[in-house]
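User: I've got a model open and I'd like to go through some local details with you. Can we take them one at a time?

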Amino acid sequence: MTERAYRLGTRRSRLAMAQSGQVAEAVKELTGRPVELVEITTYGDTSREHLAQIGGTGVFVAALREALARDEVDFAVHSLKDLPTAQPAELTLAAVPVREDPRDALVARDGLTFTELPAGARIGTGSPRRMAQLNAYARSHGMTIETVPIRGNVDTRIGYVHKGELDAVVLAAAGLNRVGRADAVTDFLSVDTVLPAPGQGALAIECAAHNASLAAALAELDDPYTRAAVTAERSLLAALEAGCSAPVGALADLLADGQIVKEMRLRGVVGTTDGSTLVQLSTTGPVPETETQAMALGRELAVEMLAKGAAGLMGERAL
């Protein structure tokens, strides 16, 4: 008797299907069991409002989590940056696979890089975090740009540039790589210029907490370094969210001495969307060996950022 296929819950977007397809292949290879994709429409997919208005995190996740709770799917794949920072007790984050490129990428007309954009260039992004940092960079380098809020999938966003409606759009490099559109990138934005969203480029594989055998199988796909990094980033976000609704960027990376990984550096930024005020700090510590240590790294940096005025940026976003 053949075992029934695992049901993998996924959003319907091309990017989500590509991500989930990659995970499905890996799970099939690991377990020898077939995996079928179950497409689920989320509120974030159907709402035409800007993400900042509908609550940002969680809008792409809730329907998948409900399907897990109702046992309509066995596990789900999310973009980690879409997950709310609080983990529900009935679900377990079984695996965080090796992270893709965490950077933001520019897709500009005529193959332009960011610094080559003309004065007054219109740059599309749905992210207040990107707006804050792009505007701050432009300000400090004597550039004038206009950030324009946009929605839509990868192809829709790139289409704004190709149709001449915008000079450029900013998207996650990981997403472009996963849907085979890396060729559209005209410039990668250094993390020294724009820190990504906490967890950007990483995937989260989630299943019901009571399903111990499946959780154990999925755990084979976990990358401990990626998990430590994103745990620190999300801990920073959670601690800042408590006192701050402003856009947050964060990145934890490993500092190696030759082949030996010595330390983890965590960088965080919070700012006003017009880029007039940014609080940007970093901290370095031993590579976390437990979730508790990774979370402590994030909380410590958040405390420093709040002390430096991050809390004063609260509510700067127009509702």
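User: What does a side-chain oxygen of Ser127 reach at the start of H5?
Analyst: This is a predicted model, so take the distances as computed ones. At the start of H5, the side-chain oxygen comes to within 3.2 Å of its partner, and that partner is the backbone nitrogen of Arg129.

User: How many of the 13 residues of H5 are buried?
Analyst: Buried here means under 20% relative accessible area. The residues of H5 below that cut-off include Arg129, Arg130 and Tyr137. H5 is largely enclosed by the rest of the structure, because the buried count is 11 of the 13.

User: How far does H5 reach from its first C-alpha to its last?
Analyst: H5 covers residues 128-140, which makes 13 residues. At 1.5 Å a residue the expected value is 18 Å, and the model comes close to that, with a reach of 18 Å.

User: Which residue just after H5 takes a positive phi?
Analyst: The phi in question is about 70°. The residue that takes it, just after H5, is Gly142.

User: Back to Arg129 for a second: which side chain makes a polar contact with the side chain of Arg129?
Analyst: Look at the loop between strand E9 (187-189) and E10. A residue there touches Arg129 and Arg130, among others, and that residue is Gln200. The two side chains make their polar contact at 3.2 Å, so to speak side chain to side chain, and the partner of Arg129 is Gln200.

User: Is Gln200 buried or exposed?
Analyst: Its surroundings include Lys81, Arg99, Asp104 and Ala172, leaving out residues up to four places away in sequence. The backbone oxygen of Pro102 also lies 3.0 Å from a polar atom of the Gln200 side chain. With 1% relative accessibility, Gln200 counts as buried.

User: Where is Val248, and which residues does Val248 contact?
Analyst: Val248 has its place in strand E11 (residues 248-257). At 8% relative accessibility Val248 counts as buried. Setting aside neighbours within four places in sequence, the contacts of Val248 are Arg129, Ala197, Pro198, Leu237, Leu240, Val269 and Val270.

User: How far apart in space are Val248 and Leu214?
Analyst: In sequence, Val248 and Leu214 are 34 residues apart. From C-alpha to C-alpha, the separation in space is 34 Å.

User: Why are H9 and H10 called oblique to each other?
Analyst: Helix H9 (residues 224-241) and helix H10 (residues 291-307) pack with their axes 7 Å apart, at an angle of about 40°. Roughly parallel would need an angle under 35 degrees, and roughly perpendicular runs from 65 to 115. The angle of about 40° fits neither, and therefore H9 and H10 count as oblique.

User: Which residues of H9 make the contact with H10?
Analyst: H9 passes H10 in a right-handed crossing. On the H10 side the contact includes Ala294, Leu297, Gly298, Leu301 and Met305. On the H9 side, the residues are Ala228, Thr231, Ala232, Ser235, Leu236, Ala239 and Leu240.

User: How far apart are the end C-alpha atoms of H1?
Analyst: Helix H1 takes in residues 14-31, 18 residues in total. At 1.5 Å a residue they should span 26 Å, and the model agrees with that, since the ends are 25 Å apart.

User: What covers the buried residues of H1?
Analyst: The buried residues of H1 are Ala16, Ala18, Gln19, Ser20, Val23, Ala24 and Val27. Their cover includes strand E1 (6-10), strand E2 (35-39), strand E3 (75-79), helix H7 (173-178), strand E10 (203-208) and helix H8 (212-218).

User: And past the end of H1, which backbone oxygen does the side chain of Arg33 reach?
Analyst: H1 is followed by Gly32, with a positive phi near 75°. Arg33 lies in the loop between H1 and E2, and at 15% relative accessibility Arg33 counts as buried. Arg33 touches Glu3, Arg4, Tyr6 and Lys28, not counting residues up to four places away in sequence. The side chain gets to 3.1 Å from its target, the backbone oxygen of Arg4.

User: Is Asp110 buried or exposed?
Analyst: Asp110 sits in the loop between E5 and E6, with a positive phi near 55° despite being a residue other than glycine. Its relative accessibility is 64%, so Asp110 counts as exposed.

Technical notes
Residues are numbered from 1 along each chain as its sequence is written. This is a predicted model: local features need pLDDT of at least 70, side-chain atom pairs count only at pLDDT 80 or more; totals for chains, interfaces and linings use all residues. Side-chain values use heavy atoms; hydrogens and water are left out. Helices (H or I, at least four residues) and strands (E, at least two) are DSSP runs, numbered from the N terminus. The expected span of a helix is 1.5 Å times one less than its number of residues. Buried means under 20% relative accessible area, exposed over 50%, partly exposed in between (1.4 Å probe, protein chains only). Contact means heavy atoms within 4.5 Å. A polar contact is a pair of N or O atoms within 3.5 Å; within protein, one must be able to donate a hydrogen and the other to accept it, and residues adjacent in sequence count only if both atoms are side-chain atoms. Axes are lines fitted to C-alpha atoms, for helices over the stretch in contact, and angles run from 0 to 180 degrees between N-to-C directions. Angles under 35 degrees count as roughly parallel, over 145 as roughly antiparallel, 65 to 115 as roughly perpendicular and the rest as oblique. A crossing is left-handed if the near helix is turned anticlockwise from the far one by less than a right angle, and right-handed if clockwise.
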